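Me: I'm new to this one. Could you show it to me and then take a few questions?

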Amino acid sequence: MELFKPEFGLVFWMFVAFLCLYFILAKFAWPFIIKSMEQRADLIDKGVAYAQQAKANLDNAKAEADKVIAEARNQQAEILREAAKMKTQIIEEAKATASAEAQKVSEAAQVSIEQARRESEKQLKEEVSELALQIAEKILRANMRSDAAQKELVNKLLNEVETKN
Amino acid sequence: MKKVITAIVALVIVGLMAFGYMSASRHAAEGHETKLDPKEVIFEHLGDAYGWEVPFSHHYRIPLPIIVRDNGGSWHCFLSSRLADGQEYDGFKIATEGEHKGKVVSTDGSRPLDFSITKNAFGIFIAAILVILMVFSIKRWYKKHGMKAPRKGTALLEVVVDFVYTDTIRPIMGREAPKYAPYLLTVFFFILTMNLLGLIVIFPGGANLTGNLAVTLVLAVCTFLVTNLTGTKEYWKEIFWPDVPVALKCPLPLMPIIEIFGIFTKPIALMIRLFANMMGGHMVVIVFILLIFIFGANSLAVGVGTSVFSLAFSLFMLLLDTLVSFIQAYVFTILSTMFISMAHVKHHVQVAVDKE
C-alpha cells in the first residue's frame, strides 16, 4: 500500500526542509527568544520582589511616622505642663517678692514715723520746758518782789548748800 | 445578530450541499464517475499527488514541478500539468495501474529516481515558511519592544513557546535545556503547523503531511540521531553493560539485546504514533463525508438525511483533530526531550521511563 511505503523523494525534501528550518531557527531565532523570555521572567520576578519590599518599607514608614507623631504629642504635652508649672512658679515668686518689698516699705515707713514722732516729742518737750521755765520765771519774779522773800530764799539756799556739804 | 449569523451559516451549508449534489449528479450523468470506490477515494485524499487540487474542479490541478532522473542518468524537469489526463511527456507518464500506480514512470513502465516537488513536498515547504514567519514574528517583537509583553498573535505564540520550553523542556533537561531547546522547539512548531495545515481543506492546506510515513520518518530519524550522537559514556555503558545481575548479560547478552532493540523501537514508536494519529483522524473525516455519497447513490432523500449526520460527525472529528494536532506535536516533543535527556545520564539514577 502506497501510504505505508515512504517515498524517497518526499523523504529527501522533508529532510532538506527540516534541516534548513532547524538551522535558520536555531541560529537566528530560538536562542534570542529563549533569552528574552527568561530575561523578562527575571525582570517580572524582580519587579514583584521590589514591589513587595517597597510596600513593606511603606508600611514601616507609616508606623515610624505614627511613632514620631506620638512622640511629638507627648513632648508637646510635656512642654505645656512645664510651661504651666513655670507660670505658677513665676507668679508665686512675684507674689513673694512683692510682699517682701511691701513689708520692707512698710517697715521703713514705720521707722520714719517713729523718728518723726520722736522728734516731735522732743520738740514738744523742749517747748514745754521753755514754757515751764518762762512760767516759773514769771512765778518767780512775782514771788521775789519783796526783799524779805529774797532773803529767805537766799538763806534757804545757803542752808541747803551747808547741809549738803 | 447571533440568529442572523446562524441563519447565514446554515444557508451557506445548504447551498454548498446543493451545489455538491448538482455537480455530483451531473458527473454521474456524464458517466465520468459511474461507480464510487470508497477505498480509492480515501487513499487518493490521504496520499501524495503531482498537483494540488482546487475546490469544485475534478480536473484542474495547481501544477507543481516534476523532477526526475531517468535510468540513463539525465535529469528531467517539467510541470505536472504536462502529464495531466494520462498524457505522456518527455518519455514519462503517470502510471494508472500496477505497482507504481499514481507515480511518474517511464513509458516502458520502470520507475525513475523521483525528486518531484509533490503536493506533500510543497506542503512541507509552506509549513516551513509559516513556521519561520511565526517564530521570527516573536523575535521581531522582542527586538522592537524589549521587555514589553507581546500582544495578540505574538502573545499566543509566546504562550506556546513558554509552555513547551519552560514547562516541558527545562524541567526535563535541566541545565542542558538551552542547548537542545532549538531542536525541540523547531520540531514542535513544525509538527504543529503541518498537523493544522492538514486539517484545512483548500489550497495552502489539505496535504496530509504528518499522516505520511516519510515525514514522520525523517522527524523520528532526527531525534534518533540527536539522541545517539550526543549520548554520554554512561548511556552506552547502560546499554552494553547495564546494572543487572551478571547472569542476565554474561553468557547470553540478554539485557544488552533488549536495550539495543530499545534504541530503535523508541524512534519507531514516535514515527508510528504521529503517523497513525494524524492519518486516522483524516481517514475518519473522509469516511463520514463519503457516507453521504454512498447513501446518496441510492436515493436523494437518504443522502440528505445522512449528510446532516455526517457533517455533524465530521465537524466533531475535525475539532477533535485540532486537539489531537496539538497533543501529538506535544507528545512527539516531550518524548524526544526525554529520550535525549536519558542519553545524557551523568551517573546512575533511576529515571522513570515513559515508553508508553
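What follows is a short run of questions and replies.

Me: Before we start, how are things numbered, and what kind of model is this?
Reply: Residues count from 1 along each chain as its sequence is written, while chains are lettered from A and ligands numbered from 1 in the order in which they are written. Side-chain values use heavy atoms, with hydrogens and water left out, local features need pLDDT of at least 70, side-chain atom pairs count only at pLDDT 80 or more, totals for chains, interfaces and linings use all residues, and the model is predicted.

Me: How far apart are the end C-alpha atoms of helix α2 of chain A?
Reply: Helices here are DSSP runs (H or I, at least four residues), numbered from the N terminus. The expected span is 1.5 Å times one less than the number of residues. For the 114 residues of α2 (residues 30-143) that gives 170 Å, and this agrees with the distance in the model, 164 Å.

Me: Which elements do the buried residues of α2(A) pack against?
Reply: Buried means under 20% relative accessible area, exposed over 50%, and partly exposed in between (1.4 Å probe, protein chains only). The buried residues of α2(A) are A:Trp30, A:Ile33, A:Ile34, A:Ser36, A:Met37 and A:Arg40. Counting contact as heavy atoms within 4.5 Å, they pack against α1 (8-28) of chain A and α3 (119-145), α4 (152-173) and α5 (177-199) of chain B.

Me: What is the arrangement of the aromatic pair A:Trp13 and B:Phe125?
Reply: Rings of Phe, Tyr and Trp (its six-membered ring) pair if their centres lie within 6.5 Å; planes under 30 degrees apart are stacked, over 60 edge-to-face, the rest tilted. Over all chains there are 22 aromatic pairs. This one sits 5.7 Å centre to centre with 90 degrees between the planes, so it is edge-to-face.

Me: Which helices does that pair run between, and is A:Trp13 buried or exposed?
Reply: The pair crosses between chains, from helix α1 of chain A to helix α3 of chain B. B:Phe125 is partly exposed, at 23% relative accessible area. A:Trp13 has 16% relative accessibility, so it counts as buried.

Me: What is phi of B:Lys152?
Reply: Most residues other than glycine have a negative phi. B:Lys152, in helix α4 of chain B, is exposed, with a relative accessible area of 77%. Its phi is a positive value, near 55 degrees.

How values were computed:
Helices (H or I, at least four residues) and strands (E, at least two) are DSSP runs, numbered from the N terminus.
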